[in-house]
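Biologist: I have a new model on my screen and a pile of "how do you know" questions. Shall we go through them together?

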Amino acid sequence: MNENEIQLKVQALVDGELTGREAEELRQRIDNDAELQQLHAELTQMRGFIADSELPRPLPESSDFYWSKISQAIEREESAGERTSRSIPVSRWLLRWLAPLVGVSAVVLLLTLRQPTAPDLGIMLSGDHELELSSDEIDVMTYNTDDDSMSIVWLDYSMDIQRDYMELWLD
Amino acid sequence: MANELETSFAMTLLRRHNLNRLAFLLALLFFAGGGWVSAQADSISVNARLVLGTGKEKQGSKKVSESIRKRLAKVFKWMHYYQLSSKKLTIEDAKTQTSKLSKNASIKVTNQKNGKISVSLFSGGKMLLQKTQTLRTGHYMVLAGKSTGDSAWFIVLSKSK
């Protein structure tokens, strides 16, 4: 046992941590060693100083009740922590749904705006007249009388109505 | 639906004012008649005429009315206008009727409410155009084009009285 270990043993003896045969052997060794006697005396004196200067801290309640209070306080803090951790997923859930929704809405809006419009064959005339051609190949001219009592659409489209009319009757 | 409400209203009147049965029937007839009149007001009658415009007189052919002839002759070079066919279409509100004016030419007329009609012209089953306008009494919608020789075809639509 080196010197440091012996000093630690003396310290343990002073603190009351050694019991039985080990304590007895160390006491005998201290009795035969002047240096160890001095160390033991110093440590004992030091311990006395510390014990005298330490303020007594009595528990306000019985120890069982005191510790149960601490335990309840810990449980309360844990449950509060769980509530906080539960509210975070709600915001995350909202974010999880809102973000895709906003994204899809933006895509739909973009597609709607970029949707190719139908070929504009409509011709707006005066008043509430609207003209829509089914083919670009047919040229048309429009004419309205001043009093709007007659509107004319002239098509560059030939029909043999006399023969057609006769055939209709012959059918 | 409107008639059911009217009947319900009449029943309420009968209970409240102790009207006799004859008065009740008269009231019912009045309201039902009103419904019939309002239903009739939604339909439109359109005359569609197929007209040939030519520079030469055609003996034996039926001439168009003077009103139409004057109007067309004021715009076009042809002086003689003959009515080849005439169809009267009575179209209910938001309904469509088709009429064949010659072997190849036909029209489809849709009543779009409040005197507004939409006319589609077909030739040989192919749609050439669609014109939409409000057709007032005494007004004409004319669709026209060239025909064989020095002649032209006209489809003249007007609102029947």
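Modeller: Fire away, but keep in mind that this is a predicted model.

Biologist: What makes β2 of chain A and β6(B) a pair, and in which sense do they run?

Modeller: Two strands pair if there are at least two bridges between them. Strand β2 of chain A, residues 130-133, and β6(B) have four bridges, and the sense is antiparallel. You can spot Glu130(A) opposite Thr132(B) there.

Biologist: And what holds paired strands together in a sheet?

Modeller: Strands of a sheet pair through backbone hydrogen bonds, parallel or antiparallel.

Biologist: Which strands make up the open sheet, and in what order?

Modeller: Six strands, ordered β3(A)-β4(A)-β7(B)-β8(B)-β1(B)-β2(B), with mixed pairing.

Biologist: Why do β3 of chain A and β2 of chain B count as standing at the edges?

Modeller: Each has a single partner strand, so one side of β3 (140-144) of chain A and one side of β2 (80-91) of chain B are left without a neighbour in the sheet. Neighbouring strands of this sheet are turned by 15 degrees against each other on average, ignoring direction.

Biologist: How do you know that β3(A) pairs with β4 of chain A?

Modeller: Same kind of check: the cut-off is at least two bridges, and five join β3(A) to β4, residues 150-155, in an antiparallel run. In that pairing, Val140(A) has Leu155(A) as its bridge partner.

Biologist: What lies across the sheet strands?

Modeller: Helix α3 (residues 66-75) of chain B, which lies across β3 and β4 of chain A and β1, β2, β7 and β8 of chain B. This helix runs at about 120 degrees to β2(B).

Biologist: Why is α3 of chain A called hardly covered?

Modeller: A residue is buried if 20 or more other C-beta atoms lie within 10 Å of its own. Among the 20 residues of α3(A), the count that passes is one, so "hardly covered" fits. Over chain A, 9% of the 171 residues count as buried.

Biologist: How does the span of α3(A) compare with what is expected?

Modeller: Its residues, 34-53, reach 29 Å from first C-alpha to last, close to the expected 28 Å.

Biologist: How many residues does each chain put into the contact?

Modeller: Chain B puts in 33 and chain A 28. On the chain B side, β6(B) gives the most, with eight residues. That side divides into 14 nonpolar, 13 polar and six charged residues.

Conventions:
Residues numbered from 1 in each chain as written. Chains lettered and ligands numbered in written order. Predicted model: local features only at pLDDT ≥ 70, side-chain atom pairs only at ≥ 80, totals over all residues. Buried ≥ 20, exposed ≤ 12 C-beta atoms within 10 Å, placed from the backbone. Helix = DSSP H or I, 4+ residues; strand = E, 2+ residues; numbered from the N terminus. Axes fitted to C-alpha atoms, helices over the stretch in contact; angles between N-to-C directions. Contact = placed C-beta atoms within 7 Å. Expected span 1.5 Å × (residues − 1). Nonpolar A, V, L, I, M, F, W, Y, C, P; charged D, E, K, R; others polar.
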